[in-house]
Amino acid sequence: MPGALEIPPVIALAEEAGKFPTAPRYAGYVALGCVIRGETYHFEIVSDQSAAGIMALGTRGLIIGNGVLTVEDEAQAWARARISEGDKGGGAARACMDLIELKKRLRLGLGG
């Protein structure tokens, strides 16, 4: 997709499409992207609104592991993305899997 602001709408579209009999249904989603600070205020808008959109979908009951990085420069992005360093993508995938399991437990009345 074109950028971080498009992540929440694409997740919403995928979830809506899953209601059709021939479309795949997903137990959860992993949002991955990177917003690098530039010279304008645009960074703040994109960072805030993409996170708010993901959170809004989550409070509607969608399971989303948020791995959208907000960084100052490319070096920070790589440091957070590399498996040998921050592994934020892996962390987002693990969070998604944990939330899927928690949702199952809550539906069975086993919240703990």
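**Entry 1: the pocket.** I looked up which element contributes the largest share of the lining of the largest pocket, and found helix H4 (residues 88-107), with 4 residues. The model I am reading is a predicted one. I noted a volume of about 220 Å³ for this largest pocket. Its lining consists of 13 residues, and Tyr-26, Ala-27, Ile-63, Lys-103 and Arg-107 are the closest to the pocket centre. By residue class, I recorded 6 nonpolar, 2 polar and 5 charged residues in the lining.

**Entry 2: helix H1.** I turned next to helix H1 (residues 7-17) and asked which of its residues are buried. They are Ile-7, Pro-8 and Ile-11. Viewed down the axis of H1, these buried residues fall within an arc of 100 degrees, so they line one face of the helix. I then checked what covers them: the cover includes strand E1 (29-36), helix H2 (42-59) and strand E2 (64-71).

**Entry 3: the nonpolar core.** I looked up the largest nonpolar core, which has 13 residues. Within this core, Ile-7, Ile-11, Ala-31, Ile-64 and Val-68 have the most contacts. H1, E1, H2 and E2 each supply at least two of the core residues, and H2 gives the most, with 4 residues. In soluble globular proteins, nonpolar side chains tend to be buried together.

**Entry 4: Ala-31.** I followed Ala-31 further, leaving aside its neighbours within four places in sequence. Ala-31 is in contact with Ile-7 and Ile-11, two of the buried residues of H1. The other contacts that I listed for Ala-31 are Ile-54, Ile-64, Gly-65, Asn-66, Gly-67 and Val-68.

How values were computed. Residues numbered from 1 in each chain as written. Predicted model: local features only at pLDDT ≥ 70, side-chain atom pairs only at ≥ 80, totals over all residues. Heavy atoms only, no water. 1 Å grid on protein atoms, 1.4 Å probe; cavity = no way out; pocket = protein on both sides within 12 Å on 5 of 7 lines; lining within 4 Å. Points joined across faces, edges and corners; volume = space filled by probe spheres on them. Nonpolar A, V, L, I, M, F, W, Y, C, P; charged D, E, K, R; others polar. Buried < 20%, exposed > 50% of the residue type's maximum accessible area, 1.4 Å probe, protein only. Arc of directions from axis to C-beta. Contact = heavy atoms within 4.5 Å. Core = buried A, V, L, I, M, F, W, Y, C linked by side-chain atoms within 4.5 Å.
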